[in-house]
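Here are a few short exercises on a single structure. Try each one before reading the steps below it.

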Amino acid sequence: MDATFTAWDVTRYGGPDVLSPVSRPLPHPAPREVLIRIRASAVTRADGLMRAGHPKFARVFLGLTRPRAGLSGTCFAGDVIALGEGVTRFAVGDAVFGEAGLLFGANASHICFDQDGSLVKKPQSVSYDEAATLCDGALTSWHFLTRIARLQPGERVLILGGSGSLGTAAIQFAKALGARVTASASARNAELLTSLGADQVVDYACEDPLKRTETYDVIFDTLGVSSFGAARSALTRHGRFICPVLGFRLLRDMVLTGWTRGKTARFAAAGLATPAVHREELSDILALMANDHFAPVMDRTYPLADLVEAHRYVETGRKRGNVVVV
Ligand SMILES: NC(=O)c1ccc[n+]([C@@H]2O[C@H](COP(=O)([O-])OP(=O)(O)OC[C@H]3O[C@@H](n4cnc5c(N)ncnc54)[C@H](OP(=O)(O)O)[C@@H]3O)[C@@H](O)[C@H]2O)c1
């Protein structure tokens with residue numbers, strides 16, 4: 001077995017250059033932990049924001065003066081290569097994928113992971129690259145559409161930001177749930193959104209998607225480019241405005257609409273749901289993949305050694321779907 005492992009340190013908040021590679025002795029899995037050799041890990045928009053310590057109030061969870069975890073990466077896929085005492089859910093040789101959340105350390109060659117954490121077996125039909133992305137856009141969009149918006153068959157949904165990691169998953173999930181889907185994107189991504197099943201695509205550069213005559217039961221602002229106030233008139237009577245990007249305005253709108261039976265604004269930190277919820281949601285997503293209702297959209301793949309470049313690309317805000325390092 002390898003004697004050392006490679007990871008990426010983040011010892012202060014800042015741009016992609018604060019990432020630095022480190023080599024450390026390979027750890028032994030503690031009781032109930034598995035040691036995983038990582039084959040692919042995601043580089044996500046959220047990873048970049050956490051590396052930058054943005055928004056500042058998130059530092060309450062991440063570390064007040066510097067990143068507490070000190071490592072980069074949250075979503076990974078790989079193979080179990082050793083077991084700690086008392087491991088019952090996995091065996092050596094199992095292909096797995098999971099979400100390290102605030103423990104970080106996924107952009108690495110290896111990781112020790114609690115068998116009862118957000119970790120599930122990877123089917124052979126799903127590649128390591130694809131599996132590494134599922135805990136970002138797919139898990140978040142599934143959580144928002146099914147648990148936060150409770151999207152129903154026949155409802156109309158507007159997805160703002162249809163070409164990102166969350167948006168490309170949300171279009172496919174909303175269609176699988178039986179909704180009628182309108183999604184916004186620039187002209188260069190219109191064809192992609194149609195191929196994913198969007199019934200209508202609105203070019204956000206030419207037309208404000210919220211100022212059309214149509215109204216929606218759910219508006220999913222995947223990027224935080226709008227607000228409940230701006231979306232209100234485009235919502236039906238019991239319409240839900242859902243957004244995964246928390247700011248003070250959204251927090252205020254959630255408080256103000258939380259007790260009403262009319263139009264509401266809702267947020268959730270999908271990554272912070274319990275491991276049991278994650279495992280259930282990932283199993284739903286794998287079932288959708290097995291039935292050809294969902295496939296993650298893959299953009300670029302970088303070697304793990306080029307993590308800084310991968311972060312720079314993700315930070316352009318122009319990626320389509322998902323980026324991984326292998
Ligand atoms: N709350 C949670 O649990 C949670 C979990 C995961 C992620 N998040 C957050 O979710 C957000 C979205 O992440 P993501 O990875 O999906 O984003 P992303 O992939 O980085 O989004 C990039 C895409 O957005 C499109 N875009 C940019 N501006 C747009 C606009 N005004 N209207 C429509 N599309 C636009 C770009 O297309 P063009 O180049 O064509 O413009 C590009 O394809 C991030 O802020 C992330 O931190 C939250």
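**Exercise 1.** Work out which domains feed the shell around the ligand, and which residues come nearest.

*Solution.* Start with the domains: domain 1 (4-122 + 296-325) and domain 2 (136-270) each supply at least three residues to the shell; these bounds come from an automatic or database domain assignment. This is a predicted model, where local features need pLDDT of at least 70, side-chain atom pairs count only at pLDDT 80 or more, and totals for chains, interfaces and linings use all residues. Numbering runs from 1 along each chain as its sequence is written.

Next, the residues: 33 sit around the ligand (C-beta, placed from the backbone, within 6 Å of it). Ser-163, Gly-164, Ser-165, Ser-186 and Pro-244 come nearest.

Last, sort the shell by class: 12 nonpolar, 15 polar and 6 charged. Here Ala, Val, Leu, Ile, Met, Phe, Trp, Tyr, Cys and Pro are nonpolar, Asp, Glu, Lys and Arg charged, and the others, Gly among them, polar.

**Exercise 2.** Find how far apart the two domain centres lie, and how many residues make the contact.

*Solution.* First, the C-alpha centres of domain 1 and domain 2 are 28 Å apart. Then count the contact (C-beta atoms, placed from the backbone, within 7 Å): 10 residues from domain 1 and 10 residues from domain 2. On domain 1's side, that's 5 nonpolar, 3 polar and 2 charged residues.
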